[in-house]
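I opened the notebook to record a few look-ups in one structure. The entries follow the order in which I took them up.

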Amino acid sequence: MADAIEVITLVLELIWTLIRVHFENIRCIYRVFVPNEPKDIRGEITIITGAGHGMGREMALRFGKLGAVVVCVDINPKGNEETVKIIKDNGGKAHRYECDVTDRAAVFNLAEKVKKEVGEVSILVNNAGIMPSQPILQWTEPKIKSTIDVNLTANLWMIQAFLPSMKERNHGHIVAMSSMAGLIGFKNLVPYCGTKFAVRGVMQALENELYEESNGKSKIKFTTICPYMVNTGLCKNPRIRFKDQMKMVEPGDAADQIIDAMRRDINEVTVPSNLHYSTRFFGYLIAPSAARIMNSFVDAGVEAHD
Ligand SMILES: NC(=O)c1ccc[n+]([C@@H]2O[C@H](COP(=O)([O-])OP(=O)(O)OC[C@H]3O[C@@H](n4cnc5c(N)ncnc54)[C@H](O)[C@@H]3O)[C@@H](O)[C@H]2O)c1
């Protein structure tokens, strides 16, 4: 009798789970065609790493214009100061902190200072990154370690430092910069690709952990960004065969797309967004060896540089 009740309970639970899976799938498909309205981020304290240059700076300027209180973090004081000045000159609110985000103690110290001097952070943008480019046997040990430290480990330090207050208030949004190199493996970028695939793994695992811990009640959102080549100087030696069809993205355009995706609570986007479908096709629908042949034809990537 007890066994029969157990089986019936299990079957009912399975049916209920399948119904919920089905509805969630339909909701997600609907959201592809009818995205959420962009959310209001006025007054939200937004911390951005690598805010002194490139996409970090462009995002900081846009967050400032949208009324967020921007906390700019960079290892480079000059660039960071410039970003803060532009935000303030445009009437926005910004604060600057110099910090090497690979240093865990410095990141925790930063979190304490920001809490005391600015307030509780509700939007974290893990953006700082570096991209050396060499065939794998020429990557030195310090280069491999620093690429992992900046692109991956620092994301974990920032999450550990800023997630607790988001969890206490059940309010927040974490944005992470992965890359097209986090969806497809590229020549000369073996360690870099490793870090960018890993960033996607960190984001997915963290979102799943919060979902399970809270019984699906967590309101903290996650957005992972996978840009194609963006004209910031990070890609020092780009190789693009079809230059008219696959132009580099301008950093301001990338920032517009990133902030739009974040404000609409989109989970993962490519920049430009149309690459999403081709990468899904090459990633899941054709064999890896066939995708390699196609990638050789498209021939977009980066040449080696120091
Ligand atoms: N530019 C591209 O083509 C491209 C493509 C895909 C993904 N991405 C990713 O987007 C992010 C931003 O790229 P970008 O091109 O704007 O970079 P960028 O080089 O223009 O700016 C990076 C900023 O990060 C800062 N930074 C580096 N190490 C740091 C550290 N240890 N602590 C604090 N700050 C540090 C730098 O000082 C710089 O201001 C990176 O994570 C990058 O990997 C870039």
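The entries below cover a surface patch, a helix pair, and some backbone details.

**Entry 1: model.** I noted before anything else that this is a predicted model.

**Entry 2: surface patch.** I looked for nonpolar surface and found a patch of about 900 Å². Its members are Val 7, Ile 8, Val 11, Leu 12, Ile 15, Trp 16, Ile 19, Phe 23 and Ile 26. I took Ile 15 as a sample and placed it in helix α1, which spans residues 2–33. Ile 15 has a relative accessibility of 44% and therefore counts as partly exposed, because that class lies between the limits of 20% and 50%.

**Entry 3: helix pair.** Two packed helices are described by the angle between their axes and the distance between the axes. I looked up both for helix α4 (residues 104–117) and helix α5 (residues 141–169). Their axes come within 9 Å and cross at roughly 30 degrees. Angles under 35 degrees count as roughly parallel, so I entered α4 and α5 as roughly parallel to each other. I also wrote down the hand: α4 passes α5 in a right-handed crossing.

**Entry 4: Asp 103.** I then went to Asp 103, which sits in the loop between β3 (93–98) and α4. With 37% relative accessibility, Asp 103 counts as partly exposed. I checked the separation from Phe 242, which is 139 residues apart from Asp 103 along the chain. The C-alpha atoms of the two are separated by 40 Å.

**Entry 5: positive phi.** Which phi values did I find for Asn 188 and Asn 215? For Asn 188, phi is near 75 degrees, a positive value in a residue other than glycine. For Asn 215, also not a glycine, phi is positive at about 55 degrees.

I located both. Asn 188 lies in the loop between β5 (172–177) and α6 (190–213), and Asn 215 lies in the loop between α6 and β6 (220–227).

Are they buried or exposed? Asn 188 is at 7% relative accessibility and so counts as buried, the limit being under 20%. Asn 215 is at 65% and so counts as exposed, the limit being over 50%.

**Entry 6: cis peptide.** I last looked at the bond that joins Val 271 and Pro 272. This peptide bond is cis, with omega about 0 degrees. I placed Pro 272 in the loop between β8 (268–271) and α8 (275–285).

Definitions and conventions:
Residues are numbered from 1 along each chain as its sequence is written. This is a predicted model: local features need pLDDT of at least 70, side-chain atom pairs count only at pLDDT 80 or more; totals for chains, interfaces and linings use all residues. Side-chain values use heavy atoms; hydrogens and water are left out. Patches are made of residues with over 30% relative accessible area and no salt bridge: like charges are joined within 9 Å, nonpolar side chains (Val, Leu, Ile, Met, Phe, Trp, Tyr) within 5 Å. Accessible areas come from the Shrake-Rupley method with a 1.4 Å probe; for residues, only the protein chains shown count as cover. A salt bridge is a side-chain nitrogen of Lys or Arg within 4 Å of a carboxyl oxygen of Asp or Glu. Helices (H or I, at least four residues) and strands (E, at least two) are DSSP runs, numbered from the N terminus. Buried means under 20% relative accessible area, exposed over 50%, partly exposed in between (1.4 Å probe, protein chains only). Axes are lines fitted to C-alpha atoms, for helices over the stretch in contact, and angles run from 0 to 180 degrees between N-to-C directions. Angles under 35 degrees count as roughly parallel, over 145 as roughly antiparallel, 65 to 115 as roughly perpendicular and the rest as oblique. A crossing is left-handed if the near helix is turned anticlockwise from the far one by less than a right angle, and right-handed if clockwise.
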